[in-house]
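Trainee: I would like to go through this model by asking how its parts are arranged, and to have each term explained when it comes up. Shall we begin?

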Amino acid sequence: MALITMRQAITDALREEMRRDERVFIMGEEVGVWGGTYAVTRGFFDEFGAKRVRDTPISEMAIGGVSAGAAMNGLRPVAEFMTINFAFLALDQMINHAAKVHYMFGGQIKCPVVYRAVGGGGRQLGATHSHTPDAVFAHFPGLIVISPSTPYDAKGLLKSAIRSEDPVLFIEHHTLYQIRGEVPEGDYTVPIGVSNVRREGRDVTLIAYAQGAQVAMEAADQLAREGIEAEVIDLRSLRPLDMEPVLASFRKTFRAVIVEEGYRSYGVGAEIAARLQEEGFDYMDAPIKRVAQYEVPLPYSRELEQSALINKDRVITAVKEIL
Amino acid sequence: MNKATLLEWYRQMVLVRRFEQKCAELYQLGKIGGFLHLYIGQEAVAIGSIGARREQDHVITAYRDHAHALAVGTDPKFLMAELLGKATGVSKGKGGSMHFADVKRHFWGGYGIVGGHVPLGTGIALAEQYKGTDAVVLCYMGDGSTNIGYFHESLNMAGVWDLPIIYIIENNQYGMGTSVERASAVPDISTKALPYGMDPRKVDGMNVVEVYEATNAAIKAIHDGKGPQFLNVITYRFEGHSMGDPLRYRTKSEVEKWREDDPIGVLEREIYAKKAASKDKLEKIDEEVEKVIEEAVDFAEKSPFPSPEALFEDVYVEGQPA
């Protein structure tokens, strides 16, 4: 086991998959000569060359669609959106094309494309560059949506995504790139669609993913010092959504707080809360709480932006309201 | 052009014409639902260009896609079954008129979002280049598609990467009810190829032989290292944009004038001029096509609707997750 960053784990997954399978290639803005604007593909251009590490023009609609077409015709593209905010431009390709062709043509076409995109707020980038729109993408059947919270999961899930026969959106949160974690040397995969218990506890269930899981873990640590044992479930993928560990935990704690960085309205928390009352109504001892981003476009000014985002104190407050 | 080929094109163009006329009839009867966009008037475009295609070459188009499926050789009965929403349809009754596909014949489908398939076709071409084959992609679209962002981003990327693709503009003069002159800042669509390093060619889309020759030349140009190709094929749809089009945007006399250049009539005259066949021979082909259409309708009518379980099939390749 090595202690590596999430960024390194993603880099390793991409490099190992490219070495393993000639069909895997990368395309996106500044992925090649520049080495990736988040340095995820640094050194790839030298190792794999211009054919397999393809710098594109600034053309998100074409990045979304050309990669999907290449996937339909037998390749394994990993298309990178420099940030998930720019993926909005490709929404039609992802939702109306990549996610539909298998069904719409009666199973004749497969589209095993992976879209990678970094997202999230908190870096003073202003309203258009700070979205956490994961729930938007997870709304539509046909697309798989993954967003990991640890280096181990990032590497194992990205490998599963690349090997999947279905289109995948792989969302990375920029604040997690520097997080370190234990990652085994060499090849392993993490199955898509399996939620993970990151911490066990008997008093309350915290349900989260990606950066929200990080915040939930910090909150759980502090709660533990106060004698409150929170169980933390990391969803890891939003579609497919594995509710089993969530329900198992809820049947034990009877209380739940859902933590997500996106907006509360129509969000991941709304979905989880609805399923908890549908499938776990008899175990509900308190209202299900949601901790999410306040419903404003994110502002530039540092403190103002931070005040709109989730943090461990908001999670702790929510927990104490229902204990 | 040899006589047998001319007669085969005649058969295919009549097949498309009769197929579309039958579709209109079944639509009026309420047997075909959704949108229905007929190809009547444009037959020479799909038949001539796909006539030049080699087995390994790919075809992808927009929602006016019946002719392309027929041209690649898909049995009309599976197409008619698709239109009737039957389980035996090419897309198992899940696609409908706008979403025919026959991937084993390298026909990647009709697509309903204007321009949305243009990057897909470009990606299919990228895959062929990547694999090092000599296959090319015939990527069809209407004149209206040349105004959408997809067109510009895709052609630019194909130009940058030298992809083996022919963009074939089925320029039928109208994007729905808006004429090219009212929708495009440059009325000559050919000029839109220039910024992307392509040498456009304007083609008479009512003449199947010309369309064939232009496509053939474009395939050769790709193999000669000249990069992606652009054909501005001038044609006309005799019917409305889709069923129920009130046709307020053009005059009857305009349509009548174009009907003088009916592509089937143009080919007939060519056949007689070349003494490729007698009137009797062509009538015999007409009758054979009629029979094929009847059989297709019969097959479609007798086919079962999709089972209730089919609803959840093929959402994902690897099964339906929660």
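Trainee: Helix α8 (residues 208–223) of chain B lies across several strands, but at what angle does it run to β7(B)?

Mentor: Helix α8 of chain B, where helices (H or I, at least four residues) and strands (E, at least two) are DSSP runs numbered from the N terminus, lies across β3, β4, β7 and β8 of chain B. This is a predicted model, in which local features need pLDDT of at least 70 and side-chain atom pairs count only at pLDDT 80 or more, while totals for chains, interfaces and linings use all residues. Residues are numbered from 1 along each chain as its sequence is written, chains are lettered from A and ligands numbered from 1 in the order in which they are written, and side-chain values use heavy atoms, with hydrogens and water left out. With angles taken from 0 to 180 degrees between N-to-C directions of axes fitted to C-alpha atoms, for helices over the stretch in contact, α8(B) runs to β7(B) at about 160°.

Trainee: Which residue is the bridge partner of P200(B) in β8(B)?

Mentor: Strands β7(B) and β8(B) pair in the parallel sense over five bridges, pairing being assigned if DSSP finds at least two bridges between two strands. Within this pair, the partner that P200(B) finds in β8(B) is F230(B).

Trainee: Which strands stand at the edges of the sheet in chain B?

Mentor: Six strands of chain B form an open, parallel sheet, ordered β2-β1-β3-β4-β8-β7. Each edge strand has a single partner, so one of its sides is left without a neighbour in the sheet. Those edge strands of chain B are β2 (107–110) and β7 (200–204).

Trainee: By how much are neighbouring strands of that six-strand sheet turned against each other on average?

Mentor: The turn between neighbouring strands of this chain B sheet is averaged with direction ignored. Its value is 20°.

Trainee: Which residue stands opposite V59(B) in β2(B)?

Mentor: Strand β1 (residues 58–61) of chain B pairs with β2(B) in the parallel sense, and two bridges make up that pairing. Opposite V59(B), in β2(B), stands F107(B).

Trainee: At what angle does helix α2 (residues 43–52) of chain B run to β3(B)?

Mentor: Helix α2 of chain B lies across β1, β3 (137–142), β4 (165–171) and β8 (229–234) of chain B. Its angle to β3(B) is about 170°.

Trainee: How many charged residues are there in the contact of α1(B) with α4(B)?

Mentor: Helix α1 (residues 3–28) and helix α4 (residues 76–83), both of chain B, pack at about 20° with their axes 12 Å apart. The contact (heavy atoms within 4.5 Å) is made by L15(B), F19(B), K22(B), C23(B) and L26(B) of α1(B), and by P76(B), L79(B), M80(B) and L83(B) of α4(B). If Ala, Val, Leu, Ile, Met, Phe, Trp, Tyr, Cys and Pro count as nonpolar, Asp, Glu, Lys and Arg as charged, and the others, Gly among them, as polar, this contact has eight nonpolar residues, no polar ones and, as charged residues, one.

Trainee: How many charged residues are in the contact of α1(B) with α11(B)?

Mentor: The axes of α1(B) and helix α11 (residues 279–302) of chain B come within 9 Å and cross at roughly 45°. Among the residues of the contact are R11(B), R18(B) and K22(B) of α1(B), and K281(B), D286(B) and E290(B) of α11(B). Beside 12 nonpolar and no polar residues, the number of charged ones is six.

Trainee: Turning to chain A, at roughly what angle do the axes of α10(A) and α11(A) cross?

Mentor: Helix α10 (residues 244–253) and helix α11 (residues 268–280) of chain A have axes that come within 11 Å. The axes cross at roughly 65°.

Trainee: And which residues of α11(A) make that contact with α10(A)?

Mentor: From α10(A), the contact is made by V246(A), L247(A) and F250(A). By class, the contact as a whole has five nonpolar, one polar and one charged residues. On the side of α11(A), the residues are I272(A), L276(A), E279(A) and G280(A).

Trainee: Where is P240(A) placed?

Mentor: P240(A) is joined to R239(A) by a cis peptide bond, with omega at about 0°. Its place in chain A is the loop between β12 (237–239) and α10.

Trainee: What is the phi of K92(B)?

Mentor: K92(B) is found in chain B, in the loop between α4 and β2. Although K92(B) is not a glycine, its phi is positive, at about 60°.
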